[in-house]
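Open the structure in your viewer and keep the selection panel at hand. We will go stop by stop.

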Number of protein chains: 2
Amino acid sequence: MYTIGKLSKNTGVTVRTLDYYDEIGLIKPSAKTSGGHRLYNDDDLMKLERVLALKYMGFSLDKIKVIMENSNPTWEQSIQQQLDLVKKEQERLKMLEHTLNGILYSIELEGEVSWPIVFSIIQLYQQDPEKALEQYKEYLNIEEMEKVMKMNATNMSKADIQEWVECIKDIKNHLDLDPTSDKARVLAERWLNQAEKMFDCDENLLGSMWEALQNMGEGIVFYPMDKDVVHFIERVFTINNQQRERNDDS
Amino acid sequence: MYTIGKLSKNTGVTVRTLDYYDEIGLIKPSAKTSGGHRLYNDDDLMKLERVLALKYMGFSLDKIKVIMENSNPTWEQSIQQQLDLVKKEQERLKMLEHTLNGILYSIELEGEVSWPIVFSIIQLYQQDPEKALEQYKEYLNIEEMEKVMKMNATNMSKADIQEWVECIKDIKNHLDLDPTSDKARVLAERWLNQAEKMFDCDENLLGSMWEALQNMGEGIVFYPMDKDVVHFIERVFTINNQQRERNDDS
DNA sequence: CTTGAACACAACGTTACGTGTGGTTTTATA
DNA sequence: TATAAAACCACACGTAACGTTGTGTTCAAG
């Protein structure tokens, strides 16, 4: 027989918590002294340990109560449900992580918090990823979309992203460069290298993506790849191609 | 100028919430009618949208208040902190996911909830993963441990695990089989196949793991690989090896 | 000028306890 | 055995971020 204080010390649960569990009928002491002090036995201790285990699994006290009352068959189901919940929450957090990362990159690129960009980024991730990609469906088929999704989620390391940001930052700072200049060509080629690395060897996908980027007029596309950057690269490459053709002709 | 109702409809935020934000001084209306009705202007609307954005990022209203008051330089830091927090929470949830999965498998194996096993599994994952592996450090070096960690986290698909569980379940149901019998040999070889698939082609790692499994007496090792199973497999293989040697001699 | 909608303000409920306060019971010491 | 000290009980209020409900007031339309 333990008093509430002993039980508290044995389990690390505060007295107040045990008090509360008694109050809501989760763990009632199996006896009381004549003076009204609560006395717990080993059965109660076991119950408490089970409650703590269920709490660790993330169940609410309400559910724990229900689970402990009707024993046997619901258990597996409850745990499965909890597992699904945990998975969903993880997905939410991963989205949030991407959002926060995007915002951090935007701060780094712009030098300060740009609210329109923040809103765009949030909008981009807020809806489920499928909807976010829906705007591309004119240019990409389903397989390609899945590839892009996977790429965005797994293939890009911290360092890769950093390189991207640096590259785009550089281009943004030189948007007014003469497209025929060497510097412009270097910038565009650096971008192309990045893109090819990212899309590995899937030239088709890169082409489709590029077409999509060019045609999607509105605001942010894939942050930090905005319209200005896309148009800059486009100008540089068209001009260089024309020059090369002329060279080939002569 | 919007009344509280208009602002509510424009933003999708309930009137009560705006009421509350006014109450805690987060967004105060910039004017009031003579009758005391609140009037919000476009500045207030912008503020509200920023608050919503920060809320989406997971900040508490308290922090949002602080952030909105002292503007500029703390932003990046705050967001970085939030990002770190999100990452930590994700790690916690991943651990929890593993725990819940383990418990589900244990239910499948035992046919019911076995509390000692549940406690072991929780203990296994509760502490950070490094500590969980510390018990193996007598038998594995750092590189090997990292490999095991990665394997546990990524390489195993749902189906792989299912196969494992089936295999172990089968063995558990036949622990008292004669180690020289064909059935026993089949079971042990099935286990070996699984193990080789899991460890791919890293025979050394498999050997070290096996040694560790044999020597770690206490309770759960890698659930669902408990002592009984390990000893069964050990018996079968030693006996079969002896027989083969005798055959070679004769 | 009247009605009904919109609004302001207040109070209580939610989760899982923390943090007290004052009074009672048990235990240890003199 | 008397008294001090520790443990305990019950009660109540506070947390975050609002939802819900209720009452009294003001606004806009007819």
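In which sense do S2(A) and strand S3 of chain A pair, and over how many bridges? Select S2(A) and residues 38–40 of chain A, which make up S3(A). The two strands pair in the antiparallel sense, over two bridges. Keep in mind that this is a predicted model.

**Stop 1: the sheet of chain A**

Zoom in on Ala31(A). Across from Ala31(A), in S3(A), stands Leu39(A). Now add S1(A) to the view. The open sheet has three strands in the order S1-S3-S2, with antiparallel pairing. Strand S1 (2–3) and strand S2 (31–32) of chain A are at the edges, and each has a single partner strand, so one side of each lacks a neighbour in the sheet. Strands of a sheet pair through backbone hydrogen bonds.

**Stop 2: the sheet of chain B**

Switch to chain B. Here an open sheet of three strands runs in the order S1-S3-S2, and its pairing is antiparallel. At its edges are strand S1 (2–3) and strand S2 (31–32) of chain B, each with a single partner strand, so each has one side without a neighbour in the sheet. Next, select S2(B) and S3(B), residues 38–40. They pair in the antiparallel sense over two bridges. Pick Lys32(B): its bridge partner in S3(B) is Arg38(B).

**Stop 3: where the two chains meet**

Show both protein chains. In this contact, 34 residues of chain B touch 34 residues of chain A. Together the chains bury about 3400 Å², and 77% of that is on carbon and sulfur atoms. How many salt bridges are there between chain B and chain A? The count is zero. Four residue pairs are in polar contact, counting pairs with both residues at pLDDT 80 or more.

Now colour the helices of chain B. Helix H3 (42–56), helix H5 (74–110) and helix H6 (115–126) each supply at least two residues of the side that touches chain A. H5(B) gives the most, with 20 residues. By type, the residues on this side of chain B divide into 20 nonpolar, six polar and eight charged.

**Stop 4: DNA strand C**

Select DNA strand C. There are 20 residues around it, and among those that come nearest are Thr14(A), Lys55(A) and Arg38(B). Which parts of the strand face them? Of the strand C atoms within 4 Å of the protein, 77% belong to sugar or phosphate, and the rest to bases.

Click on Thr14(A). An N or O atom in its side chain is 2.9 Å from a phosphate oxygen of strand C. For Thr3(B), the side-chain distance to a phosphate oxygen of strand C is 2.6 Å. At Gly35(A), a backbone N or O atom lies 3.3 Å from a phosphate oxygen of this strand.

Then select H2(A). This helix gives the largest share of the surface near DNA strand C, four residues. That surface divides into four nonpolar, 11 polar and five charged residues.

**Stop 5: DNA strand D**

Move to DNA strand D. Of the 18 residues around it, the nearest include Thr3(A), Arg38(A) and Tyr21(B). Sugar and phosphate make up 84% of the strand D atoms that come within 4 Å of the protein.

Select Thr3(A). A side-chain N or O atom of Thr3(A) is 2.4 Å from a phosphate oxygen of strand D. A polar backbone atom of Gly5(A) is 2.8 Å from a phosphate oxygen of strand D. Finish at H2(B), source of the largest share of the surface near this strand, four residues.

Definitions and conventions:
Residues are numbered from 1 along each chain as its sequence is written. Chains are lettered from A and ligands numbered from 1 in the order in which they are written. This is a predicted model: local features need pLDDT of at least 70, side-chain atom pairs count only at pLDDT 80 or more; totals for chains, interfaces and linings use all residues. Side-chain values use heavy atoms; hydrogens and water are left out. A residue is near a molecule or strand if one of its heavy atoms lies within 4 Å of it. A polar contact is a pair of N or O atoms within 3.5 Å; within protein, one must be able to donate a hydrogen and the other to accept it, and residues adjacent in sequence count only if both atoms are side-chain atoms. Ala, Val, Leu, Ile, Met, Phe, Trp, Tyr, Cys and Pro count as nonpolar, Asp, Glu, Lys and Arg as charged, and the others, Gly among them, as polar. Two strands pair if DSSP finds at least two bridges between them. Contact means heavy atoms within 4.5 Å. Buried area is the accessible area (1.4 Å probe) that two parts lose on being put together, summed over both. A salt bridge is a side-chain nitrogen of Lys or Arg within 4 Å of a carboxyl oxygen of Asp or Glu.
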